[in-house]
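Colleague: Please choose one part of this model and take me through it closely, in connected prose. I would like the cut-offs behind each term stated as you go.

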Amino acid sequence: MNDLLSFIFGFVFILGCVPASYSKMKHAQLLQKNKRLELLIRHNERDRIAQQLHDNLGQSFSILALKAELSSKLLDKDKLELAKQQLDDIAEISRNDLNLVRKIVTDLKSDTIIQTLNKQYQYLEDAKIMLFTQNEDLTTSWDRTVQNILSQVITESVTNCIKYSNASHIRISFSAKNNSYLVTISDNGIGFDNYLKQDHESFGISGIKRNIANLDGSVEFKSDNGANIFISIPIPKKEDNNHD
């Protein structure tokens, strides 16, 4: 009888350990997947920046070298006005290239939407709030300034959700149509009504409005089975960085 009881207890113990062990394995697998995704994003970002430098600065430096050589020849021939024009061109191209480098550095310092979602996922998981996204892969090609602003809006929205919403999940969807980026952020919590009646400065709503307005966009807040934020931002026109 003692052997039988020992066998039964041992069997039950093993059955109890299997789900726990499996759960730990799945959690470790998820962490590994997230780490792999983060490394992939960084690699893709390096490739994008390298291509941008090659396409813009590479061609520009070639033009600067040619214009410098031409300026030197014109000065040797005492064609001062023509040489001055070439030097003015060199100064203008250099200023444009400096602005481009500053933009690239700014891009490096700011988070993409994908990176922001990856960070906020961890915070939401700790708060026992599930994050669902739709079409987040579309954002990888979105304008970087827009991504930076939207990253701030997403961070503020997630913070509000964790602190005030009593929600169990938050959903963020992305799309682009009619020459606009569209973002919807929704949760299933108590909505905005309670804190719209209060001093809403502390809830970051005015900051969200200001950030979106800086991009000539529009934002709407609604309470419908939770808090809902609807954002529309005009797609910026591509800047022409080529030099004639």
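**The paired strands and their aromatic cluster**

Modeller: Strand β4 (residues 218–223) and β5 run antiparallel and are joined by 6 bridges, where two strands are said to pair if DSSP finds at least two bridges between them. This is a predicted model, in which local features need pLDDT of at least 70 and side-chain atom pairs count only at pLDDT 80 or more, while totals for chains, interfaces and linings use all residues. Residues are numbered from 1 along each chain as its sequence is written, and side-chain values use heavy atoms, with hydrogens and water left out. The element names refer to DSSP runs, numbered from the N terminus, with helices being H or I of at least four residues and strands being E of at least two.

Within the pairing of β4 and β5, valine 219 stands opposite isoleucine 231 in β5. The two strands form a hairpin with 3 residues between them, and asparagine 225 in the turn has a positive phi of about 60°. Strand β5 (residues 227–234) also pairs with β3, again in the antiparallel sense, over 7 bridges. There, tyrosine 181 stands opposite isoleucine 233 in β5, and this tyrosine leads from the strands to the aromatic rings.

A search of the whole structure finds 2 aromatic pairs, where rings of Phe, Tyr and Trp (its six-membered ring) pair if their centres lie within 6.5 Å, and planes under 30 degrees apart count as stacked, over 60 as edge-to-face and the rest as tilted. In one of them, the ring centres of tryptophan 142 and phenylalanine 174 are 6.0 Å apart with their planes at 75°, so the pair is edge-to-face. This pair links distant parts of the chain, 32 residues apart, with tryptophan 142 in the loop between β1 (130–134) and α4, and phenylalanine 174 in strand β2 (residues 169–177). Both of these residues are buried, a term that means under 20% relative accessible area, with exposed meaning over 50% and partly exposed what lies in between (1.4 Å probe, protein chains only).

Tryptophan 142 also pairs with tyrosine 181, and because their ring centres are 4.2 Å apart and their planes lie at 25°, this pair is stacked. Since tryptophan 142 lies in the loop between β1 and α4 and tyrosine 181 in strand β3 (residues 180–187), the pair ties together parts that are 39 residues apart in sequence. Tryptophan 142 has a relative accessible area of 5%, and is therefore buried; tyrosine 181, at 7% relative accessibility, counts as buried too. Trp142, Phe174 and Tyr181 form one aromatic cluster.

To place this part in the chain, there are 6 helices and 5 strands, and the elements run α-α-α-β-α-β-β-α-α-β-β from the N terminus on. Of the 244 residues, 32% count as buried. Contact means heavy atoms within 4.5 Å, and among contacts between residues at least 6 apart in sequence, 67% join residues at least 24 apart. The loop that holds tryptophan 142 leads to α4, and the axes of helix α4 (residues 144–165) and helix α3 (residues 113–126) come within 9 Å and cross at roughly 10°. These axes are lines fitted to C-alpha atoms, for helices over the stretch in contact, with angles running from 0 to 180 degrees between N-to-C directions. The two helices α3 and α4 are therefore roughly parallel to each other, given that angles under 35 degrees count as roughly parallel, over 145 as roughly antiparallel, 65 to 115 as roughly perpendicular and the rest as oblique.
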